[in-house]
Number of protein chains: 2
Amino acid sequence: MTQAGDDREDTDRMTLSVREPIVEDSRADILRAAAVCFMEKGYTAASIDDVARRVGATKGRIYHHFPSKAHLFAEVFRFGMDRIFIVTDPHRNTPGRAVDRWKKLAFVHTRTMTNSKALARVVWEGVEMHLRGATTPEQRAVLDDLVTYRNSYSDVFRQTIAQARDEGDFTFDDLGIANQVMFMALNSPIFWYTPRPSDPADHIDNIAKQVVAFAYRGLGGRGEP
Amino acid sequence: MTQAGDDREDTDRMTLSVREPIVEDSRADILRAAAVCFMEKGYTAASIDDVARRVGATKGRIYHHFPSKAHLFAEVFRFGMDRIFIVTDPHRNTPGRAVDRWKKLAFVHTRTMTNSKALARVVWEGVEMHLRGATTPEQRAVLDDLVTYRNSYSDVFRQTIAQARDEGDFTFDDLGIANQVMFMALNSPIFWYTPRPSDPADHIDNIAKQVVAFAYRGLGGRGEP
DNA sequence: TTGACAACATACCGGGTAGTATGTTCATCA
DNA sequence: TGATGAACATACTACCCGGTATGTTGTCAA
């Protein structure tokens, strides 16, 4: 029941993999700072100097690790996608009814998005940039790749709710619309939730629970999740 | 039942009020172009020259009508809020159960948002800018005003769903969370819907209907809206 | 007819920013 | 120990963009 602690991590602590050379720590520091900067100001308004200032360094360090601002952004994007992929992976192919799989997927997804708000916002803006049509062709190529990545993640939910509908647990009309609205509902905390020190420990879980309940019923699920 | 046609207007046709001097047409042209530019590139990336180019003019014309980029943006913001306020106004204080009022409000809101996607996106980004903390104090003041405006609009829905809950037609836990998630669901088409010439005439209505159905059930409404 | 003003266009300036070129320091290894 | 290269910092450039200052054209009223 309580599998808490498996993907818990606050906004300021994100490590790449287990243990890597110091250079990777430096890189990770930059990625974290960049995530916050991009979240606070958006891609265009956030400057490389902003990111450098936040890690207590100068431009030189940034460009030593990343060839361009677009690449830096893309790396944060990928970093965020990796994280959300990893935490949902264990619940992707569990046996049983699809609706039960969905409940766990949705909850873990929402909790992780809310927990790592900065990364989630960068992923969001990355998708937005892709829809708008990124400027340079090189940037375009990098984003294409990542958006494909992100779409494959979306497909996991898409197939799950489709199957749940087939099994009679969900009721909705258009699958594409349902998936989009569901995602917007699940992701909504990254726009209106701001973590405060006074929040109790289970605050985010509580939010995620209510958001998932909304989406569950929105998709036509009966009873309480 | 079918009050269609009262607030229908496509994205490229928005007039200010009924009939005004030519100068106001020129201003309105700029506002329309600015809305599209801000939607396509975002506030920071969209330049005054972009807007000017879109109306087939130069910077001079823009700055003749608007004192600054921030003011131009604010005017589009206000324009969009006015529109959404106007179309929902007739359904705000109708007698009967709150849930019935909500149904009409939500549908008209969603349809209008989807119809005038550009304006809706500008309003969205305006709120975002305010949350991020706008740069200059003057810009801040203008945004404060508009966000208050937009919050008063949000309160209409907030009070409506609160009353509907009191009347036993809706079921949810936290009022604030429910309102936020509901709004995200209702507004979601402005992010994933792109109008195409091949769309049938009732396409947007159809989308709005499904989105409202999702939100209705998400709020705990029973049966079909 | 002329002055005055609206409604722009043109030309220009200054600040900020992505990106580059060039130091500088320090660890490692032959 | 000397050379090499990683990991930065510093200094600089080119460009874009918001804003301004000034020029031009048409209209309208006295």
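The largest share of the surface near DNA strand D comes from α3(A), which gives 4 residues; here a residue is near a strand if one of its heavy atoms lies within 4 Å of it, and helices (H or I, at least four residues) and strands (E, at least two) are DSSP runs numbered from the N terminus. The model is a predicted one, in which local features need pLDDT of at least 70 and side-chain atom pairs count only at pLDDT 80 or more, whereas totals for chains, interfaces and linings use all residues. Residues are numbered from 1 along each chain as its sequence is written, chains are lettered from A and ligands numbered from 1 in the order in which they are written, and side-chain values use heavy atoms, with hydrogens and water left out.

Around DNA strand D there are 15 residues, of which A:Thr58, A:Arg61, B:Lys59, B:Tyr63 and B:Lys69 come nearest. Of the atoms of this strand that come within 4 Å of the protein, sugar and phosphate account for 62%. Both protein chains take part in this surface, since at least two residues each are supplied by α1 and α3 of chain A and by α3 of chain B. By class, the surface near DNA strand D holds 5 nonpolar, 7 polar and 3 charged residues, where Ala, Val, Leu, Ile, Met, Phe, Trp, Tyr, Cys and Pro count as nonpolar, Asp, Glu, Lys and Arg as charged, and the others, Gly among them, as polar.

Several polar contacts (pairs of N or O atoms within 3.5 Å; within protein, one must be able to donate a hydrogen and the other to accept it, and residues adjacent in sequence count only if both atoms are side-chain atoms) were computed for this strand. A side-chain N or O atom of B:Lys59 is 2.8 Å from a base oxygen of DNA strand D, while the side chain of B:Lys69 places an N or O atom 2.8 Å from a phosphate oxygen. In B:Ile48, by contrast, a backbone N or O atom lies 3.0 Å from a phosphate oxygen of the strand.

DNA strand C is likewise surrounded by 15 residues, and A:Ile48, A:Lys59, A:Lys69, B:Thr58 and B:Arg61 come nearest. Sugar and phosphate make up 61% of the atoms of DNA strand C that come within 4 Å of the protein. Phosphate oxygens of this strand are approached by polar side-chain atoms of B:Thr58, at 2.9 Å, and of A:Lys69, at 3.0 Å, and an N or O atom in the side chain of A:Tyr63 is 3.1 Å from a phosphate oxygen. The elements that give two or more residues to the surface near DNA strand C are α3 (59–65) of chain A together with α1 (22–41) and α3 (59–65) of chain B, and the largest share, 4 residues, comes from α3(B). The classes near DNA strand C number 5 nonpolar, 7 polar and 3 charged residues.

Chain A has 10 helices and 0 strands. Of its 225 residues, 55% count as buried, that is, under 20% relative accessible area, with exposed meaning over 50% and partly exposed in between (1.4 Å probe, protein chains only). Among contacts (heavy atoms within 4.5 Å) in chain A between residues at least 6 apart in sequence, 69% join residues at least 24 apart. Within helix α1 (residues 22–41) of chain A, A:Ser26 is buried, its relative accessible area being 16%. Apart from neighbours within four places in sequence, A:Ser26 is in contact with A:Arg61 and A:His65.
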